Amino acid sequence: MEISGKTKIVGIFGYPVKHTLSPIMHNAAFTDLGIPYVYLPFEVKPENLKEAIAAIRVLRLAGINLTVPHKIEAIRYLDEITREGELIGSINTIQNKDGKLIGHNTDGKGFVASLKEDLGFNPKDKHVLLLGASGSGRAILVELLLQGAKSIVISNRTVSRGIGLVQEFSKKFSKSTLSFTPLSDLKKKVSFSQIDLLINSTSLGMKGEEFPDLPLPSLPPASIVYDIIYSPLKTKLIEAADRLGLVTKNGLGMLLHQGSLSFQIWTQRRPSLKIMQNAIIEAINKPGEG
Ligand SMILES: NC(=O)c1ccc[n+]([C@@H]2O[C@H](COP(=O)([O-])OP(=O)(O)OC[C@H]3O[C@@H](n4cnc5c(N)ncnc54)[C@H](OP(=O)(O)O)[C@@H]3O)[C@@H](O)[C@H]2O)c1
């Protein structure tokens with residue numbers, strides 16, 4: 001990658017930021033397209049976020065991704081937020097449009113793009129079981145509602161968080177049926193034979209854990225099991241669904257599509273998902289990374 005006076009800078013603000021795979025993914029795609037951009041990691045402490053965002057204007061950075069712990073707090077320092085960003089209540093992408101800072105959330109959109117483009121699955125009028133109710137679960141929930149999912153059962157270990165989501169979004173999306181079931185009651189209370197799409201948005205599985213009492217054999221044969229975890233690439237949940245012959249997908253799809261959407265917001269160019277994927281898989285497989 002050649003750096004010149006014309007190079008445009010994008011990057012990521014996080015604290016910590018060392019673990020991020022985004023520079024690898026984006027820089028591979030910039031090089032592939034031969035466009036004058038570079039993607040850098042910026043370790044920004046929470047107390048410095050306001051100044052860091054002001055610096056986007058001053059330094060004329062083309063755009064920024066946000067990761068933990070900045071996704072919610074950043075909203076107050078921006079000029080405009082997209083509808084998704086407002087509904088989700090957090091953003092992962094800042095666009096610098098001639099000095100105007102616009103906040104986007106591409107996580108949920110990236111997830112749905114992966115469903116549609118990688119699996120040919122349109123969530124409109126479908127029945128969904130969403131495990132997890134934290135940041136990524138919330139982003140996925142909002143996008144599935146915007147896409148017209150017929151019913152969504154949210155299931156989470158901490159009951160208040162799951163019920164909170166149902167209460168917040170039931171009125172805003174009255175055409176979809178939203179309900180909550182504690183993780184521990186799934187087997188008893190949810191009819192798995194009706195589910196078209198099961199999503200794991202919890203972190204359970206990152207360390208090789210299993211979901212106890214998940215009646216996967218009751219899912220319809222054509223249903224999809226989507227685990228948004230991408231490290232490891234095959235969680236115990238995916239392995240179990242694979243053994244049953246269900247359609248499965250790991251979190252790499254969502255990661256790539258949310259990155260691709262940010263890339264397009266900044267550059268108006270579409271990156272090669274294959275190039276991004278190869279770069280990420282190489283990094284995940286490197287000892288000490290991923
Ligand atoms: N593919 C992608 O692009 C992408 C994007 C973002 C995140 N992710 C992955 O998504 C996962 C979630 O990330 P996040 O930032 O949204 O939230 P997080 O804070 O990492 O995960 C919290 C969620 O996991 C649940 N959870 C944690 N430990 C559990 C356990 N032992 N048993 C049952 N539930 C448990 C929490 O339930 P409680 O509410 O009960 O605590 C909560 O719903 C991570 O693995 C992350 O790597 C992937």
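In which hand of crossing does α4 pass α9? The crossing is right-handed. The legends below refer to a predicted model.

**View 1. Helix α4 crosses helix α9.** Helix α4 covers residues 107-119 and helix α9 covers residues 252-267. Their axes come within 7 Å and cross at roughly 115°, and α4 passes α9 in a right-handed crossing. On the α4 side, the contact is made by Asp107, Lys109, Gly110, Phe111, Ala113, Ser114, Glu117 and Asp118. On the α9 side, Gly253, Met254, His257, Gln258 and Leu261 take part. By class, these contact residues are 4 nonpolar, 5 polar and 4 charged.

**View 2. Helix α4 and its buried residues.** The helix has 13 residues, which at 1.5 Å a residue should span 18 Å; the C-alpha atoms at its ends lie 17 Å apart, so the two values agree. Asp107, Gly108, Gly110, Phe111, Val112, Ala113, Ser114 and Leu115 are the buried residues of α4. These buried residues pack against two helices, α5 and α9, and against the strands β10 (197-200), β11 (224-227) and β12 (247-249). Just after the helix comes Gly120, with a positive phi of about 65°.

**View 3. Helix α1 packs against helix α9.** Helix α1 is formed by residues 22-33. The axes of α1 and α9 come within 11 Å and cross at roughly 55°, and the two helices are therefore oblique to each other. As with α4, the crossing of α1 with α9 is right-handed. From α1, the contact takes in Met25, His26, Ala29, Phe30 and Leu33. From α9, it takes in Leu255, Leu256, Gln258, Gly259, Phe263, Trp266 and Thr267. The residues of this contact divide into 8 nonpolar and 4 polar, with no charged residues. Gln258 of α9 is thus listed in the contact with α1 and also in the contact with α4.

**View 4. Helix α5 packs against helix α6.** Two packed helices are described by the angle between their axes and the distance between the axes. For α5 (residues 135-146) and α6 (residues 159-170), the angle is about 30° and the axes are 12 Å apart. The two helices are therefore roughly parallel to each other. The crossing of α5 past α6 is right-handed. Arg138, Leu141, Val142 and Leu145 of α5 meet Leu165, Glu168 and Phe169 of α6. This contact has 5 nonpolar residues and 2 charged residues, and no polar ones.

Definitions and conventions: Residues numbered from 1 in each chain as written. Predicted model: local features only at pLDDT ≥ 70, side-chain atom pairs only at ≥ 80, totals over all residues. Heavy atoms only, no water. Axes fitted to C-alpha atoms, helices over the stretch in contact; angles between N-to-C directions. Helix = DSSP H or I, 4+ residues; strand = E, 2+ residues; numbered from the N terminus. Left-handed = near helix turned anticlockwise from the far one by under 90°. Contact = heavy atoms within 4.5 Å. Nonpolar A, V, L, I, M, F, W, Y, C, P; charged D, E, K, R; others polar. Parallel < 35°, antiparallel > 145°, perpendicular 65-115°, else oblique. Expected span 1.5 Å × (residues − 1). Buried < 20%, exposed > 50% of the residue type's maximum accessible area, 1.4 Å probe, protein only.
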